[in-house]
Amino acid sequence: MRTDATQGLGLLEQEAELLDAEPGTALDRFRAVIKSARQRLFERYDQGVPVSQLLEARSRVVDMLLRCAWQRIIPDPDAGAMVAVGGYGREELHPASDIDLLILVEAEQIETLQSALTDLVTFLWDIGIELGHSVRTLDECVAAASDDLTVISNLIEARFITGRQSLFDRLQRAIGPDHIWPTNRFFEAKIAEQHKRWRRYGDTAYNLEPNIKENPGGLRDIQMISWVTKRHFGSDSLHELVEHGFLTESEHLALIDGRALLWRIRFALHRLTGRHEDRLLFDYQRTLADQFGYTDHRDNLAVEQFMQQYYRTVMELNRLNEMLLQLFREAILLQDHVGPPEPINRRFQSRSGYLEVTHEEVFKHRPIALLEAFHLLQVRPELHGVRASTIRLIRENRHRIDDDFREDMRARSLFMEILRHPSGVTQTLRRMNRYGVLASYIPAFANIVGRMQYDLFHVYTVDEHTLRVVRNLRRLSVPAHDHELPLCSAVARRVPKLEILYLAGLFHDIAKGRGGDHSMIGAHDAWDFCQLHYLSEFDSRLVAWLVENHLLMSVTAQRKDISDPAVVQAFAEQVGEINRLDYLYLLTVADVRGTNPKRWSSWKDALLRELYQAARRALDRGLDNPQAQDVLIEQKQNEAMRILAREGIEAEDCRNLWGHFSVDFFAPSQPEEIAWQTRRVLEACPDELPIVNIRLLPTRGCSEIFIYTQDRENLFVEITALLDQRNLDIVNARVMTTEQGMALNAFQVLTREHEPLEQGEASAELAERLRAELQQPTTGAISVNRRLPRQLRHFPIETRISFTDDPANQRTLMHLTTRDRPGLLAEIGSVFEQCDIQVQGAKITTVGAEVEDVFFIANRDTGPVRCAQTLNCLRREVHARLDDTPTN
């Protein structure tokens, strides 16, 4: 027994006590030992005892309990063998880990032992040990292991606990690689299994709520290394990899230290949740950051520091996994026959399809080769990657990338060649980041490696997001992807220099976490970098401008009324010229898509496309010749009447109807929309009200729900609540009341999956249900019963309200920032009714857990809201409703 792990647990004394306990008191004695051991383990954890010792200690406690239970219930020493498998077999029992047991018996003993084994399992469950167990003969074990990779993996880690040792020894011999699963077959199967698991987790360790066991770079990857080591070398020790030349001592230490951190986090997770939990959910991240001793700084939250340590650790473990598996491949599959080297130049050669240096001191004598290696991978696509021994040398020589290196004209030229190469840009930058070269060459990049942003909007670390943005930009220039975003691909073919885009993508978020405006700071970094890399002053200023303004287009599209010519004119004036607009459009699309792929939708695509096209028309027309709104509306009306004429509707009927409509009906809409809604109103009979129609808006990437009915109090509140109850996200709303008291409400909606509604019977049925419910006005308060999503509960966001006048349109803009929640629009609508405010429209933007909504409001006499009493009413009631909203 290893006293370093079990010191203070008194196992020998307790074992004797449990064996001698009277039958009537045995359950209580066993339970008391479990409770006492658990408490002592937690005390030792709080005292800073390494988790490796605690895992071993808990395993030994469970060993002792199982051994005592076996001896009490099955006293015959030849009855069979109790065997620990899986994580329990590895002696890696966390507080809530599964306890996996194999009870090995002879075929002729099954019947006679059945009753006793049932009593044993029942007893173990009664004392609080939750088992995962199987009872098998030797032949059954071999048959199951032969067919199932998971079974053989568990049996490889098998450890004898008690019973008949000889039976266990026979099992060990029967499942050896000379009988089943030879090492090469086992290795290939585990590689395939790992790749499948990685794909399930998005091939990245950089998830907002990572699974510390299953994610790339997680504990399962370390177990993968252990399985192969044991199968190939017959050893339980990872240090065996050092002795066989697979790892250096420093790499072995990094592997052990990385595992220790993940073990410590997992131990804390199990203790905190009281169950088997391997996900670092938002529910626990702040608490764990505090337990691990992190504190908030002005520009870096404690939770962000904690998660950055986690991400950097799994990144290093992922690199070690890549290197080791390549070495295993050479040793196991190729049996060290890697083939002769094929010369590339004096510094590099190819061996079995992998790039390697010609001698170990290449980087020492010619540091520039640290960049040359990555460029060679681009120009020689037949290469599969970098050979493990060369990866190690790159890591060991990164310190040579110093100020002198960065000022070397050859290094600067080579880096720009990498960016300008027609293929492999993203893959090369990813590999440079994984091996630590990118952060060495661009020191500012080191700050964002593994840096998370504690919100629901940014689902990746800053470095991962940055490289995804570059990947998105790269895809826009590849003809094979033209079908994804046709307009973007056409624009990408038009821009003169793609490397300008890639540099803007690399630097747009590089100043995150450094305090101040990251766009401004990043622009300075980008300017300096471009000047050092011999870009012209024009190109350098363009990259810096793109970095500084990379949020301009998305903010304008998502938070402003881009149907207003004045908004488009102001945006076009900020951009200044078409070349900048092209670059900014591509960068914005790539940035939004790379922030949270699940949040990218055809709706956002349509918004950005609409703003781009409107701004381009303004720039083509000339900034000194803005388009007047009345001229634009007249053009829309004429085009709408031409559409309606083809459907048999007279122009005079249109003019008579439109005479009762305000400008708000025409300004935000395209002619086709005006025509469609006009036809619905003209065809409506008074006894058919309310009219509810649903249609797909393919150009907007959403569905439109059009409602025409007699206006009444709380109508906006009713409609928004009904849509919320049906799990629909309102992304845009337009509300108008005619001079005759008729309400025209148009809501553009998406499903929770950010998709338009299904057309056909589903939409028709929804329209009919909405119509039926609106025919019966709600008399009491309208409630939305959906629960607040779990993730949103962990992001307390201050509710902020501000107002700006829009005199040109005779209205006021109310800007609201608050936490997203079910029924939000209905709550705000109730406030408008209470404060006697008319809603003309709304623009809804959800950024992670935060909403940034803009409401276009007016007094009942359709003028701007300027009365201080009314504005105070709005502020007071919004805060009263939203600040006290329950979170469950």
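**Exercises on a predicted model**

In strand 3, glycine 132 is the bridge partner of aspartate 100. The structure is a predicted model.

**Exercise 1.** Determine how strand 2 and strand 3 are joined, and the handedness of the crossover that links them.

Solution.
- Strand 2 covers residues 99-105 and strand 3 covers residues 131-137.
- Seven bridges join these two strands, which run parallel.
- From strand 2 the chain passes through helix 6 (residues 110-126) before it reaches strand 3.
- This β-α-β crossover is right-handed.

**Exercise 2.** Find the disulfide, give the handedness of its link, and state which parts of the chain the cysteine pair ties together.

Solution.
- The criterion is a pair of cysteine sulfur atoms within 2.5 Å.
- The sulfur atoms of cysteine 835 and cysteine 873 lie 2.1 Å apart, so a disulfide joins these residues.
- The count by this rule is one disulfide.
- The angle about the S-S bond is -80°, and the link of cysteine 835 and cysteine 873 is left-handed.
- Cysteine 835 sits in the loop between helix 39 (824-834) and strand 15 (838-843), while cysteine 873 belongs to helix 40 (residues 868-882), so the pair ties together parts that are 38 residues apart in sequence.

**Exercise 3.** Classify cysteine 835, cysteine 873, cysteine 141 and cysteine 530 by relative accessibility.

Solution.
- Buried means under 20% relative accessible area.
- Cysteine 835 has 8% relative accessibility, so this residue counts as buried.
- Cysteine 873 has 13% and therefore counts as buried.
- For cysteine 141 the value is 1%, so cysteine 141 is buried.
- For cysteine 530 the value is 1%, so cysteine 530 is buried.

Key
Residues numbered from 1 in each chain as written. Predicted model: local features only at pLDDT ≥ 70, side-chain atom pairs only at ≥ 80, totals over all residues. Heavy atoms only, no water. Pairing = 2+ DSSP bridges. Helix = DSSP H or I, 4+ residues; strand = E, 2+ residues; numbered from the N terminus. Right-handed = clockwise from strand over helix to strand, strands pointing away. Buried < 20%, exposed > 50% of the residue type's maximum accessible area, 1.4 Å probe, protein only.
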